[in-house]
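Work through these exercises with the structure open beside you. Try each task before you read its solution.

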Amino acid sequence: MDFELSAAQLRFRDEVRQFLAGLPPQTSAAVHDTGTLHSWDVHRAMAGRGWLKAAWPVEQGGQGRDPFEMATLNEEFARAGIPIEGWLIAELVAKTLQIVGTPQQRHEVIPAILGGEILLCLGYSEPDSGSDVAAARTRATRDGDDWVIDGQKMFTTMAHEASYVFLLARTDPDVPKHRGLTMFLVPLSADGVQVRPVHTLGGERTNATFYDRVRVPDSARVGEVDGGWDVMMVALAFERQPAAAGHLLHLLGRALDWARTAGPDGPAPIERPEVRACLARAYTDLEVSRLMGYRMTWLTSRDVLPHTEGSLAKLFSSEALMRAAASLVDVVGADGLLAGHGTGAPADGWIEHEFRHSVVTTIYAGTSEIQRGIIAERHLGLPRATARRDKA
Ligand SMILES: Cc1cc2nc3c(=O)[nH]c(=O)nc-3n(C[C@H](O)[C@H](O)[C@H](O)COP(=O)(O)OP(=O)(O)OC[C@H]3O[C@@H](n4cnc5c(N)ncnc54)[C@H](O)[C@@H]3O)c2cc1C
């Protein structure tokens, strides 16, 4: 197999590297410190270069870049530690709308997303339904030509920056749970919507969102009435990505700089065998994660929507990130727990940061247990797990 990039792909990679090198040096730390993994400055600069729609066909105003060029763009942003989660979430909704949206949604919402004017957020999880997302209780009730929405969503990341929430609501409570759901694009500026911040231990800011008699027209519906589960399946296929591989790539770059720098009291940490072993293990995991990502990219380049491949890559890379961060804290010693950027902490605080942050990557977009269940059933063909109650 040939994993070399083509001349055109290498040219694009150089262009991306040049752009990243031109950003102010503190951009990465400054964006992470806000807890919102999005910077409007970076986003608008990307829009100015046409990169937000780089993957879209030229006839739709895009650049027609191939999936490997897009993977390269993501990898370079990750290597530089510049978070683009705002764009990644909005783009996955744009891709979903392209497949299941109405002509009006495709003509009005997609260009605003790809032009960098608006962000979207995902309103799936609720206080009592995260893994079992089909158990959503937020209600959408028909009222003439409108729908009235009542309920609460949990972990609505980016809701404080976004214009719309891509919302999963129950439209029929009397049928099996997967069949009574419908998806909507709800403007966050609508009367009755409230956004409250939730700050996680992992450093990411997310939100709780509340919907109190929020009225939207039927044109806000995405897909068929009670057909929301099919729409979710498309959106989830775009969401399950080895994004944690990007965090690992960034962490290891920072850790390697730390390991190669001699301190005032002795040789560089990389001289110690346990540091080399820790880095070697983590780089091996990173390589596996990258290859899993390339497999998804290759499938996409053949117009196949990766489903279980996304679960495999997401599971492996997020757990690899958590292993790497924990073992780096171990080899650094007590100083590994020093926090903050620009404080003199080892690797400028990124080891401590990722030690806390890596955990959330094993939770969002489906926890590791849920991914294992998907892989067992859909990839390995094992029978569906049933709840077992052992008697004490
Ligand atoms: C930082 C962050 C950002 C997020 N952003 C978003 C967002 O933008 N939009 C959104 O809709 N959601 C978002 N989420 C929510 C995320 O998808 C859920 O937290 C996740 O799906 C788990 O749901 P839960 O928290 O309700 O935990 P639960 O589902 O209650 O799970 C609790 C534990 O039980 C385990 N478990 C549950 N069911 C099973 C099972 N069937 N088999 C085996 N084990 C099981 C889980 O693995 C977990 O360990 C975000 C979460 C975090 C932490």
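The exercises below go from the whole chain to single residues, and they use a predicted model.

**Exercise 1. The whole protein**

Task: Decide whether the radius of gyration agrees or disagrees with that of a compact globule.

Solution:
- Step 1. Take the chain length, which is 392 residues.
- Step 2. For that length, a compact globule would have a radius of gyration near 21 Å.
- Step 3. The protein has 22 Å, which agrees.
- Step 4. Add the extent: the C-alpha trace spans about 75 × 65 × 45 Å along its principal axes.
- Step 5. Add the elements: there are twelve helices and eight strands.

**Exercise 2. Inside and surface**

Task: Find what share of the residues is buried, and what supplies the exposed area.

Solution:
- Step 1. Buried means under 20% relative accessible area.
- Step 2. Of the 392 residues, 49% count as buried.
- Step 3. The protein exposes about 19,000 Å². Carbon and sulfur atoms supply 53% of that area.
- Step 4. Now look at contacts with a separation of 6 or more: residues 24 or more positions apart account for 70% of them.
- Step 5. Finish with charge. There are 40 positive and 50 negative charges, and their mean positions are 4 Å apart.

**Exercise 3. Strands S1, S4 and S5**

Task: Work out how S4 pairs with S1 and with S5, and why S4 counts as largely enclosed.

Solution:
- Step 1. Start with S1, residues 120-123. In a regular strand the side chains alternate between the two faces of the sheet.
- Step 2. Check both faces of S1. Leu120 and Leu122 lie on one side, Cys121 and Gly123 on the other. These four residues are all buried, so both faces are covered.
- Step 3. Pair S1 with S4, residues 164-170: the two strands run parallel over four bridges. Cys121 stands opposite Val165 in S4.
- Step 4. Pair S4 with S5, residues 181-187: they run antiparallel, joined by seven bridges. Leu168 has Met183 of S5 as its bridge partner.
- Step 5. Count the cover. Six of the seven residues of S4 are buried, so S4 is largely enclosed by the rest of the structure.

**Exercise 4. A hairpin**

Task: Describe how S6 and S7 are joined.

Solution:
- Step 1. Locate S6 at residues 193-199 and S7 at residues 205-217.
- Step 2. The strands run antiparallel and share seven bridges. Val198, for example, stands opposite Thr206 in S7.
- Step 3. Five residues lie between the strands, which form a hairpin.
- Step 4. In the turn, Gly203 has a positive phi of about 95°.

**Exercise 5. Val331**

Task: State whether Val331 is buried or exposed, and which residues it touches.

Solution:
- Step 1. Val331 lies in helix H10, residues 308-332.
- Step 2. Its relative accessible area is 10%, so Val331 is buried.
- Step 3. Leave out residues up to four places away in sequence: Val331 touches Arg272, Glu274, Val275 and Cys278.
- Step 4. Check a distance. Val331 and Arg276 are 55 residues apart along the chain, yet their C-alpha atoms are separated by 9.7 Å.

**Exercise 6. Positive phi**

Task: Place Asp226 and Asp348, and give the phi of each.

Solution:
- Step 1. Recall the background: most residues other than glycine have a negative phi.
- Step 2. Asp226 has a positive phi, near 65°. Asp226 sits in the loop between S8 and helix H7. At 27% relative accessibility, Asp226 is partly exposed.
- Step 3. Asp348 has a positive phi, near 50°. Its loop lies between H10 and H11. At 25% relative accessibility, Asp348 is partly exposed.

Definitions and conventions
Residues are numbered from 1 along each chain as its sequence is written. This is a predicted model: local features need pLDDT of at least 70, side-chain atom pairs count only at pLDDT 80 or more; totals for chains, interfaces and linings use all residues. Side-chain values use heavy atoms; hydrogens and water are left out. The radius of gyration is taken over C-alpha atoms; the globule rule is 2.2 Å times the number of residues to the power 0.38. Buried means under 20% relative accessible area, exposed over 50%, partly exposed in between (1.4 Å probe, protein chains only). Contact means heavy atoms within 4.5 Å. Accessible areas come from the Shrake-Rupley method with a 1.4 Å probe; for residues, only the protein chains shown count as cover. Lys and Arg count as positive and Asp and Glu as negative; His and the chain ends are not counted. The place of a charge is taken as NZ of Lys, CZ of Arg, CG of Asp or CD of Glu. Two strands pair if DSSP finds at least two bridges between them.
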